[in-house]
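Student: I should like to learn how to read a metal site and the pockets of a protein model. Where should one begin?

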Amino acid sequence: MEKNLEEIFQSRIDREEKIEPKDWMPDDYRKTLIRQISQHAHSEIVGMLPEGNWITRAPTLKRKVGLMAKVQDEAGHGLYLYSAAETLGVDRDTLFEQLHSGKAKYSSIFNYPTVTWADIGAIGWLVDGAAIMNQVPLCRCSYGPYARAMVRVCKEESFHQRQGFEILLSLSQGSEEQKRMLQSAVDRWWWPSVMMFGPSDDDSPNSAKSMKWKIKRFSNDDLRQKFVDVCYEQAKVLNVTLPDPDIKWNEERGHYDFGLIDWEEFWQVIKGNGPCNKERLAARNKAWDEGAWVREAAMAHAAKRKERSNKKKVA
Amino acid sequence: MENNWPLWEIFIRSKNGLSHKHVGSLHASDEEMAMQNARDVYTRRSEGVSIWLVESKHITASNPDNGDSMFDPANDKVYRHPTFYDLPEELKHI
Ligand SMILES: [Fe+2]
Ligand SMILES: [Fe+2]
């Protein structure tokens, strides 16, 4: 019986049919999606922290409104994604609890600090750029609510990358000091961004399954290659060098070759030993704990209003 | 976990002349907060001119397991379609 259901399920996926919340699905498909969508949601939420750091210090009003709008979008992305995860039967507070206790993962990129204004530009260009490359194929993911959330997210992301690139472009046309600031931000953010695509395909045990279920459409390495190819050309416009002496065009492959990734660093950050892991979790926990009275007061207010209107109906 | 705020489903009319369409859901303590949040979460780029919201628990949905018996009968009722009826070529405007 179970076997049969699984075969029917897979043939629906193979026909490119979308799976909706109440449809039968293998437990493992559900679990994989809950993990992936909630990690994705956590990343959007934690991702607000490094950028929020610069809202009060943005150099002009134009930059400030742009950055505020971007950070607000990221909050929205987190909400779309939490809602999509909840359609699979997990509740919001459980997901928050997993984030706050450190049990759940989020993208390791957000455990790096934003030390200068140029970092905000570099995040927009490289981090949002890498995110877009990852996210566009997710718009065709087999799970309907996730795919629909990603369509909204992707529509909003292109503004993020463009505002980032424009920040860097201004710096590239500025003083010598600004140019140095630009280069050093790119030096800091390049490798962590390249790592955002996750472990190499050989070390990514769940990849094959996700591909079969059409949650995932391209391998980590393929997306990473595409990212390097695109960024190498874009870096020329900014007059910056990518901090990788091994990047060079490979005529035969039709792609840029690039240097070895320091996976030791990647796993260290994932394990919680990145430069800002503790700070990020502490900030999330503080916001959650200090907001407790607001959440309770809102429910108490709602209950009181309901009671009052019930009384009126009786009277 | 019981401090979850209730879940609301959000429907948006993108412009007059079109129907409201489901866009997603959100948590809020009451309809007033749900309306404010829906505006902030789902209409930041003029995506709509009207919002409907309904608490998710009030929605009754058809059972997808009965999908076949529920929606399938249409297949053997070809007589509901205009092409079922044979008429001469020379007949116009019909
Ligand atoms: Fe985002
Ligand atoms: Fe973004």
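Tutor: Begin with the term donor: donors are N, O and S atoms within 2.8 Å of the metal. This model is predicted.

Student: Which protein donors does the iron ion (ligand 2) have?

Tutor: Glu74(A) (OE), Asp128(A) (OD), Glu157(A), listed twice through OE, and His160(A) (ND1) lie 2.0 to 2.6 Å from the iron ion (ligand 2). Along the chain, the spacing of these donors reads E-x53-D-x28-E-x2-H. The pair Glu74(A) and Glu157(A) links distant parts of the chain: Glu74(A) belongs to helix H4 and Glu157(A) to helix H7, 83 residues apart.

Student: How far apart are the iron ion (ligand 2) and the iron ion (ligand 1)?

Tutor: They are 3.4 Å apart, and Glu74(A) coordinates both.

Student: Are Glu74(A) and Glu157(A) buried or exposed?

Tutor: Buried means under 20% relative accessible area. Glu74(A) is therefore buried, at 5%, and Glu157(A) is buried because its value is 2%.

Student: What volume does the largest pocket have, and which residues lie nearest its centre?

Tutor: Its volume is about 1400 Å³. Of its 44 lining residues, Arg148(A), Glu9(B), His22(B), Val23(B) and Gly24(B) lie nearest the centre. Helix H7(A) gives the largest share of this lining, seven residues. By class, the lining has 17 nonpolar, 14 polar and 13 charged residues.

Student: Which residues lie nearest the centre of the second largest pocket?

Tutor: Gln36(A), Gln39(A), Met196(A), Phe197(A) and Gly198(A) do, among 46 lining residues. The second largest pocket holds about 1200 Å³ of space, and H2(A) supplies the largest share of its lining, seven residues.

Key:
Residues numbered from 1 in each chain as written. Chains lettered and ligands numbered in written order. Predicted model: local features only at pLDDT ≥ 70, side-chain atom pairs only at ≥ 80, totals over all residues. Heavy atoms only, no water. Donors = N, O, S within 2.8 Å, 3.2 Å for Na, K, Ca; no water. Helix = DSSP H or I, 4+ residues; strand = E, 2+ residues; numbered from the N terminus. Buried < 20%, exposed > 50% of the residue type's maximum accessible area, 1.4 Å probe, protein only. 1 Å grid on protein atoms, 1.4 Å probe; cavity = no way out; pocket = protein on both sides within 12 Å on 5 of 7 lines; lining within 4 Å. Points joined across faces, edges and corners; volume = space filled by probe spheres on them. Nonpolar A, V, L, I, M, F, W, Y, C, P; charged D, E, K, R; others polar.
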